[in-house]
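Student: I am new to this structure and would like a close look at a single part of it. Could you take me through the barrel and what surrounds it?

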Amino acid sequence: MNEEGRREGRDPPQAETADASRQWLVAGSHGSRWTAFSLRSNFERRPLLWIAVCVVALAVGGWLILGAGGPPVDGIWLRMQERGSWRVGMDPSFPPFETLDAEGAPVGYDVDLAREIAAEWGLEAEIVAIGFDSLLDALLVGRVDAVISAFPYNARMTKDVHYSPPYFEAGVRLVVGAGVAYEEVGDLEGGTVAVEWGSRGDAIARRLQREGAGFTRLPFESAEKAIEALVSGASDALLIDGVTLRLAQGDGKPIRAVGAVLDEDPYVIAVSIEAPKLQSALLQALATLKEEGRMGLLEERWFGKTAGSEE
Amino acid sequence: MIGRFTSYLRRKSDAVNFIPPLAAWSPRAKKLIGALLLCTVFGLTYRSGFRNWVPLGPQRTVETINPKMGVHTRLTDEPDAAKIKRSLEMVREMGAPWIVEYFPWAYYEPRRGQFEWSHPDLVIDHAGRQGLTVIARLGYVPAWARPEDSHHLYLEEENYEAFGRYAVEFVRRYRDKVGYLIIWNEPNLSLEWGFRPVDPASYVKMLKVVYPMVKAAAPEVQVLAGALAPTLDPPGSEWSMNDLDYLQRMYDAGAADYFDILAIHAYGLGFDADEPAGESVINFRRSELLREIMVRNGDGGKTAMITEGGWNDHPRWTRAVRPAERILNTVRAYEIAGAEWPWLENVCLWVFRFPWDQKSYQDYFTFVGVDFEPKAIYLEMQAYAEGRFEAP
């Protein structure tokens, strides 16, 4: 564009003002009135042009709303439907959650959970055995559709992975005899707390003592001996992880957890962050299993019934 | 019509966007802008230079009944100066005078000849102030020193000298503070050798290039070699070479004159610390077999250091032990080093703390949590160093 054109192009459609800065101020303070007047007069002079502009705007807006803004496609869910199976990665080395039976078939709580969920969707659960430390990689590269393997929640991975609500809490709990009135750590003033020496429960007992808790820590060389100390009355309470607690309860030990989880370690189901349909279907399936009491039945099948009631 | 419409839009746009020349600034405005600029400069300087700084504190010494106690810290990816200091304070308070720390070449020479030492400065200065002796592990190839898209542990022989120059710059800067260098890590594993077939002769070539360069720059610095992963893979495995075979092949390739101390990795896995050594078993006393190879090759005058090792108490890892066994074996490992192995200078166990949870069995090698919560094993090692350890 030449110099003449630039000058012409700068001319406002209003009466020209000699003082450019003043003109700018006028436009700034009365811009809306000026714009309204200008639009109206232009619309009256060129109705066809403005109708065309409106049609184009409607078409573009409609495409943006109906096209780009529609529900995202979940390719993982679609492939599951085509395949007729839900591929679930797990490391079958952690009974009773997952292990291999005498024929080498995967069995356990997580295996049955995967099957129950898949059945909710009319699919088969296809168990893929993978080493524990490679499970997330297998999920991220699409080798499996989900991971169910007594798998801990990891906040650092939430940008890549979607986690279900917890289905099992493996964190450390304060445990007491079924008929004992202790309800929290504060009730143990002057009492004794058994721990497996060196365990997470041991570390928490020592921390609580540093923070002023008035109990005596009783370390035992194994979790089994610490549980026996509680059951026999040699100890008033016990600090132990959720898995060991549940196994002991299933073994008929009359013990129960009280108070809040002292060191959370929830087990969750991991699926791709790019599978919104699978995520919502998983949420729904877990809720259904819980509402219908099937989660509880699964737990009883693999851990046994509890002798005491857990709070 | 389109042309007229375009012309109209242009005229309208120019009219609205026209910006008049600025009026001259008043003296008051100039002062205000000057003050803002000063604040900005000061703020940026503070942010870059002082925010990640904590005082070194007074010079401390490690008190322990066993001067061979050590740990492998993992401060490489810990950017926070306060956490670096706290980690090293806790190592001292546990009673361990030795640490191994990793100083990746790619981090500190990101471009050829351009060195960035602020993070190593933090780690090494704080370690020294806590009275700790640092063993520096060097490795991790920067992108400029390897082919495009190659693995970060892939180093071709023609670039051994570039690696040597990094080692030289390192010792020139820290020769008064760091007396030990480990050249590479676990070269008998393919994954640590850039996913190539392992090659002891090529590793010895690396030593033959780097060792003289380091010695020329700082003769007093002791060079450690080996740091072999204990493995029982059969001959011809694509993944690794048996560490005993690899060490012998190092000697066959003439390694003896190109290192001062052998670095050993001594993991106990599921075995007690006193489980006898055997060529077909990986346990803590496998270190004795490596020592025998040193002696057999006329290298018995040199010492060794355990720069990685220990036991894991993960509840589901198949090679883990129960927490109580981990404590007992760890104490026993320190005792063996002190009482039975005069040729061993220290035992630096993997790993003191991670900057974040790994959410894997690796978390169960640590002595303290990410939040510095001491694990039971930390407190028991502290009791051992103070001479008051007692198993229940």
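Tutor: Here is a walk through the barrel of chain B, followed by a short look at a sheet in chain A.

Please keep in mind that this is a predicted model. Its scores are ipTM 0.84 and pTM 0.81. For chain B, the mean pLDDT is 93, with 92% of the residues at 70 or more.

Let us begin with the barrel itself. In chain B, eight strands close into a barrel, and their order is β1-β2-β3-β4-β5-β6-β7-β8 with parallel pairing. From one strand to the next, the twist averages 30 degrees. On this sheet packs helix α10 of chain B, residues 323–339, which touches β1 (69–72), β7 (303–310) and β8 (344–350) of chain B. The direction of this helix makes about 165 degrees with that of β8(B).

Now follow β1(B), a good place to see how the ring closes. With β8(B), strand β1(B) pairs in the parallel sense over four bridges. With β2(B), it pairs in the parallel sense too, over three bridges. Look at V71(B): its bridge partner in β8(B) is L349(B), and its bridge partner in β2(B) is I99(B). In a regular strand, side chains alternate between the two faces of the sheet. In β1(B), M69(B) and V71(B) point one way while G70(B) and H72(B) point the other way, and all are buried.

Elsewhere in the barrel, strand β5 of chain B (residues 222–228) runs parallel to strand β6 of chain B (residues 261–267), and four bridges join them. One partnership to find here is that of L228(B) with I264(B) in β6(B).

Next comes a helix, α5 of chain B, residues 118–129. Its 12 residues should span 16 Å at 1.5 Å a residue, and its end C-alpha atoms are 16 Å apart, so the two agree. The buried residues of α5(B) are H119(B), P120(B), L122(B), V123(B), I124(B), H126(B) and A127(B). What covers them includes the helices α3 (81–94), α4 (105–108) and α6 (160–174) of chain B, along with the strands β2 (98–104), β3 (133–139) and β4 (178–183) of chain B. Just after α5(B), you will find G131(B) with a positive phi of about 80 degrees. UniProt, in an unreviewed entry, lists residues 82–137 of chain B as "domain: Glycoside hydrolase family 42 N-terminal". Over that stretch the chain is 52% helix and 21% strand.

For another kind of sheet, turn to chain A, which has 12 helices and 13 strands. Five of its strands form an open sheet in the order β10-β9-β11-β8-β12, with mixed pairing. β10 (216–220) and β12 (255–263) of chain A stand at the edges with a single partner strand each, so one side of each has no neighbour in the sheet. Neighbouring strands here are turned by 30 degrees against each other on average, direction ignored. Within this sheet, β8 of chain A (residues 172–177) and β11 of chain A (residues 237–241) pair in the antiparallel sense over four bridges. There, V175(A) stands opposite L238(A) in β11(A). Helix α10 of chain A, residues 242–250, packs on the sheet and touches β8, β11 and β12 of chain A. Its direction makes about 115 degrees with that of β11(A).

Key: Residues are numbered from 1 along each chain as its sequence is written. Chains are lettered from A and ligands numbered from 1 in the order in which they are written. pLDDT is the predictor's confidence in each residue, from 0 to 100. Helices (H or I, at least four residues) and strands (E, at least two) are DSSP runs, numbered from the N terminus. UniProt positions are given in the numbering used here, feature names are shortened, and annotations may be inferred rather than shown by experiment. Two strands pair if DSSP finds at least two bridges between them. Axes are lines fitted to C-alpha atoms, for helices over the stretch in contact, and angles run from 0 to 180 degrees between N-to-C directions. Two residues are in contact if their C-beta atoms, placed from the backbone, lie within 7 Å. The expected span of a helix is 1.5 Å times one less than its number of residues. A residue is buried if 20 or more other C-beta atoms lie within 10 Å of its own, exposed if 12 or fewer, and partly exposed in between; C-beta atoms are placed from the backbone.
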